[in-house]
Amino acid sequence: MSDDPSVSDDAPTNDDTSTSTDPVLPAGVERRTIAGTETLATRGEPVYGEPTDGDWRAWNASRSKLGAMFELGMETGLAGGDRVLYLGAAAGTTVSHVADFAGPTYAVEFAPRPTRDLLAVAEPRDRLFPLLKDARSPETYAHVVESDLDAIVQDVATRGQADVAVRNARFLADDGRLVAAIKARSEDVTADPEAVFDRAVDRLDDAYEVLERRRLEPYHDDHLAVVATPR
């Protein structure tokens with residue numbers, strides 16, 4: 001999938017762009033042909049130099065764990081208009097696509113520099129709310145984030161990723177979904193990734209029922225995607 005920020009001169013127009021409906025994709029996410037390549041896409045202002053076609057922007061799965069989950073056909077349970085808590089928003093690459101199709105989207109990022117970029121991403125998105133907070137301490141933003149959310153999407157590259165998901169389970173509705181990416185190298189750079197993933201899933205089991213787990217190759221090496229629902 002290309003990261004080329006330019007749109008080729010012979011890129012298809014809105015009238016001839018092909019579309020397809022995929023049952024695992026939330027409303028507002030489509031497969032479209034942009035700059036000659038079939039890709040996931042959402043409607044919104046471009047963020048990271050991704051190709052566009054009209055008001056559609058390509059969603060690069062090689063730069064997004066959630067995008068990779070969709071490309072691999074995982075049943076995330078996400079739906080258009082969902083109320084979402086996004087943990088590990090960074091500069092906004094993935095959460096910008098989430099805010100394009102979701103409802104209120106609370107984006108937690110603890111590092112000031114990417115949060116400044118995230119504020120610019122949120123400027124044209126009135127449903128995206130950046131929070132300069134540490135996802136390991138949900139009590140610091142519990143007064144801002146609403147309860148009974150439809151989904152938590154998590155991509156935090158820090159040790160204790162499963163602990164973060166367990167601590168934030170308080171925000172989910174009983175039938176809500178956790179959609180998390182676990183990076184093995186953030187937990188232990190020397191351990192077998194499968195052993196790291198098994199320990200993370202065991203920890204998630206304290207608060208969630210795991211519905212699906214799948215590695216994210218070829219899009220992301222040594223990452224495990226987990227879809228779970230609160231117990």
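**Notes on the β9 neighbourhood and the overall fold**

1. Let's start with one residue pair: L87 stands opposite Q154 in β9. Behind that pair is a parallel match between β9 and strand β6, residues 84-87, with four bridges joining the two. Bear in mind throughout that this is a predicted model.

2. On to the next partner of β9. Strand β10 (residues 172-183) pairs with β9 over five bridges, again in the parallel sense. For a place to look on screen, try L149, which has L172 of β10 opposite. So β9 has parallel pairings with β6 and with β10.

3. How do you get from β9 to β10? The connection involves helix α4, residues 161-167, and the three elements together make a right-handed β-α-β unit.

4. Is β9 mostly enclosed or mostly open? Strand β9 covers residues 149-154, and five of those six residues are buried, so the rest of the structure largely encloses the strand. If you're colouring by accessibility, remember that buried here means under 20% relative accessible area.

5. There's another β-α-β unit worth a look. Strand β7 (residues 105-109) and strand β8 (residues 128-132) run parallel, joined by five bridges. Within that pairing, Y106 stands opposite F129 in β8. Helix α3, residues 112-122, completes the unit with β7 and β8, and this one is right-handed.

6. A quick word on aromatics. Searching the whole structure turns up four aromatic pairs. W59, F70 and F101 are linked by ring pairs into a cluster, so pull those three up together if you want to inspect the rings.

7. Zooming out, the protein has six helices and 12 strands in its secondary structure. Its radius of gyration is 17 Å, close to the 17 Å the globule rule gives for 231 residues, so the protein is as compact as a globular protein of that length. Along the principal axes, the C-alpha atoms fill a box of roughly 50 × 40 × 35 Å.

8. A few bulk numbers to finish. Of the 231 residues in the protein, 51% are buried. The accessible surface comes to about 10200 Å², and carbon and sulfur atoms account for 45% of that. As for contacts, take those between residues at least 6 apart in sequence: 56% of them join residues at least 24 apart.

Key
Residues are numbered from 1 along each chain as its sequence is written. This is a predicted model: local features need pLDDT of at least 70, side-chain atom pairs count only at pLDDT 80 or more; totals for chains, interfaces and linings use all residues. Side-chain values use heavy atoms; hydrogens and water are left out. Buried means under 20% relative accessible area, exposed over 50%, partly exposed in between (1.4 Å probe, protein chains only). Two strands pair if DSSP finds at least two bridges between them. A crossover is right-handed if, with the strands pointing away from the viewer, the path from the first strand over the helix to the second runs clockwise. Rings of Phe, Tyr and Trp (its six-membered ring) pair if their centres lie within 6.5 Å; planes under 30 degrees apart count as stacked, over 60 as edge-to-face and the rest as tilted. The radius of gyration is taken over C-alpha atoms; the globule rule is 2.2 Å times the number of residues to the power 0.38. Contact means heavy atoms within 4.5 Å. Accessible areas come from the Shrake-Rupley method with a 1.4 Å probe; for residues, only the protein chains shown count as cover.
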